[in-house]
Amino acid sequence: MTDDLRRVIRELTLKPESQCIPALVAGLALDEAERGAIAADAAGLVGRIRTEAGAGLMERFLAEYGLNTDEGVALMCLAEAYLRTPDAETLDALISDKIGARDWARHLGRAESALVNASTWALMLTGKVFRSIPAQADDLAGIMRGVVRRLGEPVARSAVTEAMKLLGRQFVLGRTISEALANAGPEMADGYLHSFDMLGEAARTARDAARYFAAYADAIAAIGALAGAGDPHDNPGISVKLSALHPRYETVNGARVMAELVPRVTELARLARDVNIPLAIDAEEADRLDLSLDVIAAVLADRRLAGWDGFGVVVQAYQRRAPAVLDWLHDLAGRLDRRISVRLVKGAYWDSEIKHAQTLGLAGYPVFTRKESTDVSYLACAAKLLAMSERIYPQFATHNAHTVVAVDRMAGSSARFEFQRLHGM
């Protein structure tokens, strides 16, 4: 059965999008009345959130700089990357890349927030400082550029630094696990749980892999100090990236990866089991999925993990083979007599997946090309997960109100599940 399911996964990798959707819709089995009710409830939910919670700084920024604009994407990239920028020279290059060529002037004065408007002015001037194209004489920012240049690029860098610290704190809980746990304290006191991970982890050398292994092990110990008895999913947990634990995590190195990586992941899983916290294997790029499944199967088969329900896997709904991956995980858990968790996400590498498929000259894409298709796939996978609850603990990671309402309606009161979101969203 397992071999058959793996074959189905491989066959779905580049299956035409138009051929995937009908089966997903059929599996979802929501009639027109149910879809209408979900849409209405989702609109009401958004309205209540906006009324009750009000708009914070991030919401005001996003209202002006939507993620469908070059400027919005540049801001988010810069905010996410800022805290990991090692030196001034690299930060200058980052600012130049993300801010220098954007059309900030078109946003000037449009936001309701005075702070956002002031930030727009700063970004516009900074963009001129770091832009290599000379400004036109009638460009006000160009006139001001000379003033800013006399102050020096370090001053401009400092201004952007402060702005990015403000945005970066929105999404980064802490620079260390101890700082993150301290900052998470108030939310945890209110009953919220966290799955901690590290930003930007990717091993390029054996030394990198050893450093990340040690960091994960230390984080597990620190998180475990806050854990109690009972279900591990009642405690905070950790997410682990396989590519952070091996410098050659590629299919071509499959034998070496299995020999060297599986023991490392197994050891981290055993450490998590010992302190009763959940550990999730994070998702990777599409071309690593087959290898990831081999590693997951080998780790989960370790007899020392028997009886521990804290092992989890992240599955990306924007991959066309996502439903088959869920079938395989369910079958694996049954054969090994395990209960695992599955965190369903939409996916984070869309741009690079599309470009990678194009550069390889593939006949299709491993991910859906339309957002609507990904949304349908997510809901179809959610319905499948809810039906697998005897072996799988469903976790739904989403920031989409429509998706939240749909999952909640499909779940009813028959199964235990949880919603997840990124910190700051």
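# Notebook: central sheet, one helix, some rings

**Entry 1. Starting point.** I began in strand E7, where the bridge partner of Gln 395 in E6 is Glu 418. The model I am reading is predicted, with pLDDT of at least 70 needed for local features and 80 or more for side-chain atom pairs, while totals for chains, interfaces and linings use all residues. Residues are numbered from 1 along each chain as its sequence is written, and side-chain values use heavy atoms, with hydrogens and water left out.

**Entry 2. The sheet.** I looked up the strand order and found an open sheet of seven strands, E1-E2-E3-E4-E5-E6-E7, with parallel pairing. Strand E1 (195-196) and E7 are the edge strands; each has a single partner strand, so one side of each has no neighbour in the sheet. For my own reference, strands (E, at least two residues) and helices (H or I, at least four) are DSSP runs numbered from the N terminus, and two strands pair if DSSP finds at least two bridges between them.

I then went through the pairings.

- Strand E3 (residues 279-281) pairs with E4 in the parallel sense over three bridges, and Ala 280 stands opposite Gly 312 in E4.
- E4 is joined to strand E5 (residues 340-345) by five bridges, and the two run parallel; Val 314 has Arg 343 in E5 as its bridge partner.
- E5 and E6 run parallel and are joined by five bridges, with Pro 394 in E6 as the bridge partner of Val 342.
- E6 and E7 pair over three bridges, in the parallel sense.

**Entry 3. Crossovers.** Which helix lies between E3 and E4 in their β-α-β unit? I find helix H13 (residues 289-300), and the unit is right-handed. E4, helix H14 (residues 322-335) and E5 make a right-handed β-α-β unit as well. Right-handed here means that, with the strands pointing away from the viewer, the path from the first strand over the helix to the second runs clockwise.

**Entry 4. Burial of E4 and E6.** I used the following classes: buried is under 20% relative accessible area, exposed is over 50%, and partly exposed is in between (1.4 Å probe, protein chains only). In strand E4 (residues 311-316), six of its six residues are buried. Phe 311, Val 313 and Val 315 are on one side and Gly 312, Val 314 and Gln 316 on the other, and both faces are covered. E6 also has six of its six residues buried. Its two covered faces carry Ile 392, Pro 394 and Phe 396 on one side and Tyr 393, Gln 395 and Ala 397 on the other.

**Entry 5. Aromatic pairs.** How many aromatic pairs does the structure hold? I count from the record of ring contacts three. Rings of Phe, Tyr and Trp (its six-membered ring) pair if their centres lie within 6.5 Å; planes under 30 degrees apart are stacked, over 60 edge-to-face, and the rest tilted. Phe 396 and Phe 417 are an edge-to-face pair, 5.8 Å centre to centre with 65° between the planes. This pair links distant parts of the chain, 21 residues apart: Phe 396 is in strand E6 (residues 392-397), and Phe 417 is in the loop between helix H17 (401-411) and strand E7 (418-420). Phe 417 also pairs edge-to-face with Phe 419, at 5.4 Å centre to centre and 90° between the planes. Phe 396, Phe 417 and Phe 419 form one aromatic cluster. Phe 417 counts as buried at 19% relative accessibility, whereas Phe 419 is partly exposed at 34%.

**Entry 6. Charges over rings.** The criterion is NZ of Lys or CZ of Arg within 6 Å of the ring centre and within 35 degrees of the ring normal. Arg 211 lies over the face of Tyr 212, 4.9 Å from the ring centre. Lys 346 has its charged end over the ring of Tyr 378, 5.6 Å from the centre.

**Entry 7. Helix H11.** I checked the length of helix H11 (residues 206-224): its 19 residues at 1.5 Å each should span 27 Å, and the end C-alpha atoms are 27 Å apart, which agrees. The expected span is 1.5 Å times one less than the number of residues. The buried residues of H11 are Asp 208, Ala 209, Tyr 212, Tyr 216, Ala 217, Ala 219, Ile 220, Ile 223 and Gly 224. They cover an arc of only 170° around the axis, so they are on the same side of H11; the arc is that of the directions from the helix axis to the C-beta atoms. Arg 207 and Asp 218, on the other side of H11, are exposed.
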